[in-house]
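Subject: A structure for you to look at

Hi,

Here is the structure I promised to pass on. Have a look at it first, then read my notes below.

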Amino acid sequence: MSGGFRSRSAGRRDDKPERNKGQKQGRAQARHQTRGQGGGRQRYTVKGRPASIGDPAREAAFEVVLRVARDGAFANLTLPGILRERAIAGCDAAFATELAYGTLRSLGVLDAVIAKNSSRELNRIAPEVLAALRLGTYQLLYTRVGDHAAVDTSVRLVEAAGHDKAKGFANGVLRSVGRTPAEEWLRMLAPESEMGALAFTHAHPEWIARAFAEALGDKRGELEAALEADSARPVVHLVARPGEISAEELALSTGGEQGRYSPYAVYLPEGDPGQLDPVRDGLAAVQDEGSQVIARAVTEVPVGDDHGRWLDLCAGPGGKAALMGAIAAIDGATVDAVEVSPHRAELIAKTVRGLPVTVHTADGRDPGLEPGYDRVLVDAPCSGLGALRRRPEARWTKAESDIAELNQLQEELLESAVELAKPGGVVVYSTCSPDVRETRRIVQKQLAKGGVEELDAREWAAGMEDVGDGPSVQMWPHRHGTDAMFYAVLRKTGTLG
């Protein structure tokens, strides 16, 4: 991208007050206060990877932010690969994670601040330059990193990306940003409405904040707590495979802590779960405790004359099918797992290897299976608003308009599940979203069609409290430490003909 950049100053201030950075920082940031202050000119290599600026953490974060914006990559899949490839560990890995995920979570706020200080519209700034600006702005507004280090390393990333003529532009924008405290930027740029301002302050699109508020009923003014928890980095949850290892044994072998609700859950405060022996040996896996509670509920609801014929109608990525399969192995049952994507079906087959689970590559709306299942799980495709903690960029890439299309699919899948269940059989409908358009309204439409009755799902919530007024269950990160998952339990009425 050519030069000619001129930044618009926000006005010089002689005595900048101390900024409340608003985030807990660790030792890693202190190590990066002055790192990479020297060095010569850098360029992209033939493979497209930037030459080193002497700061592996910032280089890794820069590449993640760039790939997400330019290539549509998923940060939670991209970052671990980069850290492994470049052998980045310890404090450097922690700092790279904080920078990459924090920048992507705060993208809407960062872009608003950059736009206020830029002489060019954001869509006219080269992706590499914009990625460096976002990283620098995040450090200035949300971390304890010194202003000089934040600006200097970001400008050097611009140079390393081959945009020499944009160095002055990037330097001017970031210095302009740094002259004003974070709280002042939030106050100046926040929407006028109360909901819009709250959403902006907590780095969420307003439509997502509205969806959370409606699901909460906001009876206790919980919205701010929900938004705050939604931006916190989640603790890794492990699931101990029933029949192979207990949660107590898994906790002892990994240094983790047994879960609060699921009898199979273990919390892992730090470390790479993929390097744990129980995970590598297939005795345990990574799975949110909320998912465990839902999969267990499918197997726990009483069913008269249960023949052990169970079905996971939307099985990808396979976590719930694996847990159901492990329980089925103990109970002498079998599980059919349906997945429409051939690639994902192959992944599920690997996940459930050795379990009484048969994987079918088919559309759950018409899977071609014989009806008469005792238990059916419909973990329906959804907006994923309940798992935004794990996909930092997702809140800015999702659109409210997508939900209407998902609703039709959700309705059709639930109707298919009811048809496949036997009279007296159980259907559990779940989503990883708290949006009532994807939860209660889908269930209500199925109830209106007749042929099912709703049971009180709270009875099979593994002791969870504060899950809503019922009869369905709504989990929340700020209440339960899980993703914001929903499930309802239906029983098919009628008798066998």
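**Helix 11 and its surroundings**

The buried residues of helix 11 pack against helix 10 (194–201), helix 12 (223–230), helix 18, helix 19 and helix 21 (477–480). Some terms before we go on: helices (H or I, at least four residues) and strands (E, at least two) are DSSP runs, numbered from the N terminus. Buried means under 20% relative accessible area, exposed means over 50%, and partly exposed is in between (1.4 Å probe, protein chains only). A contact means heavy atoms within 4.5 Å.

Keep in mind that this is a predicted model, in which local features need pLDDT of at least 70 and side-chain atom pairs count only at pLDDT 80 or more, while totals for chains, interfaces and linings use all residues. Residues are numbered from 1 along each chain as its sequence is written, and side-chain values use heavy atoms, with hydrogens and water left out.

Back to helix 11: W207, I208, A209, A211, F212, A213 and L216 are its buried residues. Right after the helix comes G217, with a positive phi near 75°.

Helix 11 also turns up in a pocket. On a 1 Å grid over the protein atoms alone, a pocket is an open set of points where a 1.4 Å probe fits, with protein on both sides within 12 Å along at least five of seven lines; lining residues have an atom within 4 Å of a point. The second largest pocket holds about 410 Å³ of space (grid points are joined across faces, edges and corners, and the volume is the space filled by probe spheres set on the points). Its lining has 21 residues, and A215, L216, V467, G468 and D469 lie nearest the centre. Helix 11 (residues 206–216) gives the largest share of that lining, three residues. By type, the lining of this pocket divides into seven nonpolar, six polar and eight charged residues. Here Ala, Val, Leu, Ile, Met, Phe, Trp, Tyr, Cys and Pro count as nonpolar, Asp, Glu, Lys and Arg as charged, and the others, Gly among them, as polar.

**The whole chain**

The protein chain has 21 helices and twelve strands. Of its 497 residues, 54% are buried. Among contacts between residues at least 6 apart in sequence, 72% join residues at least 24 apart.

**Salt bridges**

How many salt bridges are there? The count is 30, taking a salt bridge as a side-chain nitrogen of Lys or Arg within 4 Å of a carboxyl oxygen of Asp or Glu. Side chains of opposite charge can pair when their charged atoms come close.

Try E184 and R187 to begin with: their closest N and O atoms are 2.5 Å apart. Both sit in helix 9 (residues 182–189), three residues apart, about one turn of the helix. An α-helix has 3.6 residues a turn, so residues three or four places apart point the same way. E184 is partly exposed at 27% relative accessible area, whereas R187 is exposed at 57%.

Then look at R390 and D288, which meet in a salt bridge at 2.6 Å, N to O. This pair links distant parts of the chain, 102 residues apart: R390 is in the loop between strand 8 (373–379) and helix 18 (394–397), and D288 is in the loop between strand 4 (284–286) and helix 15 (289–300). R390 is partly exposed at 28%, but D288 is buried at 7%.

**Sites listed in UniProt**

UniProt positions are given in the numbering used here, feature names are shortened, and annotations may be inferred rather than shown by experiment. The unreviewed entry lists C432 for "active site". C432 lies in the loop between strand 9 (421–431) and helix 20 (440–449) and is buried, at 17% relative accessible area. Beyond its neighbours within four places in sequence, C432 has contacts that include C382, G384 and D483.

The same record's "binding site" annotation (unreviewed entry) covers residues including C314, G318 and D379. Is C314 buried or exposed? C314 is buried, at 11% relative accessibility, and is found in the loop between strand 5 (309–312) and helix 16 (319–331). Outside its neighbours within four places in sequence, C314 touches D379 and L413, among others. G318 lies in the loop between strand 5 and helix 16 and is buried at 0%. Leaving aside neighbours within four places in sequence, G318 is in contact with I348 and T351.

Cheers
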